[in-house]
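Open the model in a viewer and follow the stops below. Each one says what to select and what is found there.

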Amino acid sequence: VSTQSTGYLSALQLDPKHIGSLTNLGVAFINKKDYDSAIKQFLLVCDISPHDANNFVNVGVAYANKKDYEKALESFGRALGIDPSHAVAKQMQRRCLTDQKKRADKLKAQQAAAAPAPTAHHAPPPQQQQQGPPPQQQQHHMQQQAAAYSGFDPHSDVLPALVATTVAYLSREEESTNLGIFQEQGDARLIQEVKARFDRGERCPVDGIGSHNVAGLLWLWCHDLPEPLLTFGLRDRWLAASQEPTHRLVPALSDCIALLPPGSRRALHALLSLLHAIHSYQNAAGRLGAFFAEEVLWSESGLHDGNAGRVVELLIVYYQELFQGDPLLGAGVAMPTPQVPLATLGRKVAGPDPFGYFENGIVFKNFTRDEAESKLAVSPGGAYLVRPSSQPNCLSVSYKALDSGRVGHLLLSKPSASVPGWTTDGRPKPYESIYALLKSLPYGLALANPVLPIDP
């Protein structure tokens, strides 16, 4: 049991109906892919608070992860019955309908493939049968498609701007620690619009579109590739490598990586650098592997192999060993890296004033991220604290949402020395004070009467 889950269980021993702890425990189960246990926790929350749409959204998300789309849609419908304008419920409802149709189409394709071949007298004469282009021509056509797609050419070592931009953004501490990353759907129309701009060769800043939309942009890039990033030709080899004994896993996977075209290898390195960073915070390699498997290692037949998730999970876990000393990546071509070195993330800051931006009436704590989450896990909703950030001119905020009990993190930044005030993701216009910015957030933070004490 993780330290975080232990904190939730401790809180539930004191109060078995503590909504925040029940909800956070459900999120922990989702991260472990134990969807049935997550559903059980979220349904308990619905029984305690049946008029909160967020609770039914959580149930729907768990069912959607389980691919039980009918029950997921039922749950999102319950949420929209309580709050017809609930944005997440609407987005997830659309996503489920799309995934449900996708699964039905795959089933039809499988059934058509399994149907008996037509009898000879119905088949056209051999000279009338249309033949596709030869394999070399098909491969060339595939390469042309890929080269025209977001500037991606599998046989060039240039990293597409869309991948570089989204990976750099999502590798920031406040995004990599977000428990909802790659789980909450963004604005599909906005994501398509921004991707179209990248496809046209435009350089698009993503700071103002929101983290879930940036995550959706990277997912869509992987999803829409004409050939999966790990390639059709190497699929069987990847699957075989994932079944090697532990001492052979890294060599077997490294052999597969070495066979990738240089562009695919560079893009894979960028993607895995992000997923490994998220995993280092959330122990989420299994969840992320299952999520990305259908986007980077699908089969030409459309059939899904559960072992594909294990391939991606292993690539995430062994990322550093797999790419250490890769001659392609050491060739001097710039790679997107986290804006903060991983070794410095979440550290305490020494000295009498670790914040540098003290403000009366705000709960400042010289905590690491882990310490903040442990403290909030056993605190009621509305609790928050401001802590040091390893990024210059920034502070971190850890909070526990009043309604959902979800623990989250935000990065507060000062635009420049000449511009007073603070900004955060989704709040590009500076607020004159930390208090004013926190008050604008939709998390019900207890500012007038803080839950946690204000240190002298």
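Start at the hairpin formed by E2 and E3, which has six residues between the two strands. Select Gly-405 in the turn: its phi is positive, at about 75 degrees. The model is predicted, and every angle and distance on this tour is computed from it.

**Strand E2 and its partners**

Select residues 394–400, which make up strand E2. Is this strand mostly covered or uncovered? Mostly covered: seven of its seven residues are buried. Show the side chains next. Cys-394, Ser-396, Ser-398 and Lys-400 point one way, while Leu-395, Val-397 and Tyr-399 point the other way. The residues of both sets are buried, Lys-400 among them. In a regular strand, side chains alternate between the two faces of the sheet.

Now add strand E3, residues 407–413. E2 and E3 pair in the antiparallel sense, over seven bridges. To find one of these bridges, select Val-397 and its partner in E3, Leu-410.

Then add strand E1, residues 384–388. E1 also pairs with E2 in the antiparallel sense, here over five bridges. For a bridge to look at, pick Tyr-384, whose partner in E2 is Tyr-399.

**Ser-433**

Move to Ser-433, in the loop between strand E5 (427–431) and helix H19 (434–440). Is this loop residue buried or exposed? Ser-433 has a relative accessibility of 18%, and because the cut-off for buried is under 20%, Ser-433 counts as buried. Leaving aside residues up to four places away in sequence, Ser-433 touches Glu-359 and Trp-422.

**Helix H15**

Select residues 285–296, helix H15. Nine of the twelve residues of H15 are buried, so the helix is largely enclosed by the rest of the structure. The buried residues of H15 include Ala-285, Gly-286, Arg-287, Leu-288 and Gly-289. Further along H15, Phe-292, Ala-293, Glu-295 and Val-296 are buried too.

Add helix H11, residues 211–224. The axes of H11 and H15 come within 7 Å and cross at roughly 40 degrees. That angle makes H11 oblique to H15. To see the contact itself, select Trp-219, Cys-222 and His-223 in H11 together with Phe-291, Phe-292, Glu-295 and Val-296 in H15. By class, this contact between H11 and H15 has five nonpolar residues, one polar and one charged.

**The aromatic cluster**

Keep Phe-291 and Phe-292 selected and add Phe-182; the three form one aromatic cluster. The model has seven aromatic pairs by the ring-centre rule. In one of them, the rings of Phe-182 and Phe-291 have their centres 5.9 Å apart and their planes at 40 degrees, so the pair is tilted. Which parts does this pair tie together? Phe-182 lies in the loop between helix H9 (173–176) and helix H10 (188–199), and Phe-291 lies in H15, so the pair ties together parts that are 109 residues apart in sequence.

Next, look at Phe-291 and Phe-292. Their ring centres are 5.2 Å apart and their planes stand at 80 degrees, so this pair is edge-to-face. Colour the three residues by accessibility: Phe-292 is buried at 0% relative accessible area, and Phe-182 counts as buried at 7%. Phe-291 is partly exposed, at 22%.

**Leu-272**

Select Leu-272 in helix H14, residues 262–282. Leu-272 is buried, with a relative accessible area of 1%. Outside the residues up to four places away in sequence, Leu-272 touches Leu-315, Ile-316, Tyr-319 and Phe-323. Draw a C-alpha to C-alpha distance from Leu-272 to Val-167: the two are 9.4 Å apart in space and 105 residues apart in sequence.

**The whole model**

Finally, clear the selection and zoom out. The secondary structure comes to 19 helices and five strands. How many of the 456 residues are buried? The share that counts as buried is 48%. Among contacts between residues at least 6 apart in sequence, 60% join residues at least 24 apart.

Technical notes:
Residues are numbered from 1 along each chain as its sequence is written. This is a predicted model: local features need pLDDT of at least 70, side-chain atom pairs count only at pLDDT 80 or more; totals for chains, interfaces and linings use all residues. Side-chain values use heavy atoms; hydrogens and water are left out. Rings of Phe, Tyr and Trp (its six-membered ring) pair if their centres lie within 6.5 Å; planes under 30 degrees apart count as stacked, over 60 as edge-to-face and the rest as tilted. Helices (H or I, at least four residues) and strands (E, at least two) are DSSP runs, numbered from the N terminus. Buried means under 20% relative accessible area, exposed over 50%, partly exposed in between (1.4 Å probe, protein chains only). Two strands pair if DSSP finds at least two bridges between them. Axes are lines fitted to C-alpha atoms, for helices over the stretch in contact, and angles run from 0 to 180 degrees between N-to-C directions. Angles under 35 degrees count as roughly parallel, over 145 as roughly antiparallel, 65 to 115 as roughly perpendicular and the rest as oblique. Contact means heavy atoms within 4.5 Å. Ala, Val, Leu, Ile, Met, Phe, Trp, Tyr, Cys and Pro count as nonpolar, Asp, Glu, Lys and Arg as charged, and the others, Gly among them, as polar.
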